[in-house]
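Me: I have a structure open and want to learn how its labels are earned. Can we go through them one by one?

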Amino acid sequence: MGTFKIEGGKPLKGIVQPQGAKNEALQVLCPVLLTSEKVRVTNIPDIIDVNKLITLLGNLGVKIQKNGPGDYTFQADDVNVGYLETEAFKKEGGSLRGSIMIVGPLLARFGKGFIPKPGGDKIGRRRLDTHFEGFINLGAKFRYNREDHFYGVENKGRLKGAYMLLDEASVTGTANIVMAAVLAEGTTTIYNAACEPYLQQLCKMLNAMGAKITGVGSNLLTIEGVEALGGCEHRILPDMIEIGSWIGLAAMTKSEITIKDVSWENLGQIPNVFRKLGITLEQKGDDIYIPAHTNGYEVKTDIDGSILTVSDAPWPGFTPDLLSIILVVATQAKGDVLIHQKMFESRLFFVDKLIDMGAKIMLCDPHRAVVMGHNFESQLKATIMSSPDIRAGISLLIAALSAKGTSTIQNIEQIDRGYERIDERLRALGADIVRV
């Protein structure tokens, strides 16, 4: 396992170009399985999770051509569906949670889709019921091998359009059902659909391939099934989670940073939440400019003076993937913040590492933590720690960059799963970080 060694306490300065969105990439690579024609996708981030999915598509028989950095052409004109029932696939598919989203396209086009219990972050229970209930609504038969934790759906002929009210606004669940429904016979209506920008991008891509999806951007999607889809070209949005990570990093390290080409219209609540922490960020064209916060940043209370609460919610609410960043940034704010992580019950358990560094945090329960900010009157102390998941990993990295002394972060493969060449890009800003 790799390790980062970080000499903290140094302000950084420079310009950052955000990578393509990880969560979007894991969705929009899967529709290549819906057509035999060529599909070109650009701005693909070069990160572990996305590269695993590209390898998985190749092992399924998809022809893959790399045109340049982040630029690939895919053609699924000779898919080996039999690969789904091999031991190699069980191991490969089980290492990546995003692999669940190949099931919808395979079911729609080939009448079957299997997946081992997928991996990913260990952040609590992450149910798959929404995905499979959607497929069953479309007429598929569900299979589950309890011994091997192997899930499957099968259908003879075309799926049948249906009305469904999702039990949760699952982003990946909605994506999977939409990809299955585009080739179904008749009309599918999905209520309580997720409407994150990633899902909107997926729907726009599918429409470019010949699908008929309306209601994009709302929680009510209507899909008129078509008999076949064609090729298209699609460009992935900048990663809003990485953009939020750079904002948090700039504030914590008192750094002057410009984040280029952020697609402001797709950032939702992210700028507002950082501003509530007292962080100054300016819109300059499509860029974000963060000045050096040499005098710190002060948390804004609610109108009645009560403690600021930052919680996650389905889009257009605040994304849960940035709560770990907000928490670490709050450790040096002037004021107190209640972090309420509603979606995952284990995501806040990394706070013990921040407490070891000197942060004042009270973990109320698996979902809530109160952070009492130091206002930079007491610097975090360097320590040795391990990254438990992608977002906690980048949060610990931000803490280490602001801390006094040399910190060591182990298990950095977790960070590499979601952040492209993060150490190189930090060094370009002046950070003292070494990959061991």
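Reply: Yes. Keep in mind that this is a predicted model. Start with the record: an unreviewed UniProt entry lists Lys22 and Asn23 under "binding site".

Me: Where is lysine 22 found?

Reply: Lysine 22 is in helix α1, which covers residues 22-28. Asparagine 23 lies in helix α1 as well.

Me: Why is lysine 22 called buried?

Reply: Its relative accessible area is 8%. Buried means under 20%. The value falls under that cut-off, so lysine 22 is buried.

Me: What makes asparagine 23 buried?

Reply: Asparagine 23 has a relative accessible area of 18%. The cut-off is under 20%. Therefore asparagine 23 counts as buried.

Me: Which residues does lysine 22 touch, not counting residues up to four places away in sequence?

Reply: Among them are Pro45, Ile47, Asp239 and Arg391. With its neighbours within four places left aside, asparagine 23 is in contact with Tyr198, Asp321 and Arg391.

Me: Why is there said to be a polar contact between the side chains of lysine 22 and asparagine 23?

Reply: The distance is 3.4 Å. A polar contact needs N or O atoms within 3.5 Å, and residues adjacent in sequence count only if both atoms are side-chain atoms. Here the contact runs from side chain to side chain, so it qualifies.

Me: How many aromatic pairs does a search of the whole structure find?

Reply: It finds six. One of them joins tyrosine 83 and phenylalanine 89.

Me: Why is that pair called edge-to-face?

Reply: The ring centres of tyrosine 83 and phenylalanine 89 are 5.8 Å apart, with 65° between the planes. Pairing needs centres within 6.5 Å, and edge-to-face needs planes over 60 degrees apart. Both conditions hold, so the name fits. Both residues are buried: tyrosine 83 at 11%, phenylalanine 89 at 0%.

Me: What makes tyrosine 297 and phenylalanine 376 an edge-to-face pair?

Reply: Their values are 5.7 Å centre to centre and 85° between the planes. These meet the limits of 6.5 Å and 60 degrees, so the pair is edge-to-face. It links distant parts of the chain, 79 residues apart.

Me: Are tyrosine 297 and phenylalanine 376 buried or exposed?

Reply: Tyrosine 297 is buried, at 2%. Phenylalanine 376 has 23%. Buried is under 20% and exposed is over 50%, so phenylalanine 376 is partly exposed.

Me: How do you know that lysine 254 lies over the face of phenylalanine 376?

Reply: Lysine 254 is 4.4 Å from the ring centre. The distance limit is 6 Å, with an angle limit too. The distance passes, and lysine 254 is listed as lying over the face.

Terms used: Residues numbered from 1 in each chain as written. Predicted model: local features only at pLDDT ≥ 70, side-chain atom pairs only at ≥ 80, totals over all residues. Heavy atoms only, no water. UniProt positions renumbered as here; feature names shortened; annotations may be inferred. Helix = DSSP H or I, 4+ residues; strand = E, 2+ residues; numbered from the N terminus. Buried < 20%, exposed > 50% of the residue type's maximum accessible area, 1.4 Å probe, protein only. Contact = heavy atoms within 4.5 Å. Polar contact = N/O pair within 3.5 Å; in protein donor to acceptor, adjacent residues only side chain to side chain. Phe/Tyr/Trp six-rings, centres within 6.5 Å; stacked < 30°, edge-to-face > 60°. Lys NZ or Arg CZ within 6 Å of the ring centre and 35° of its normal.
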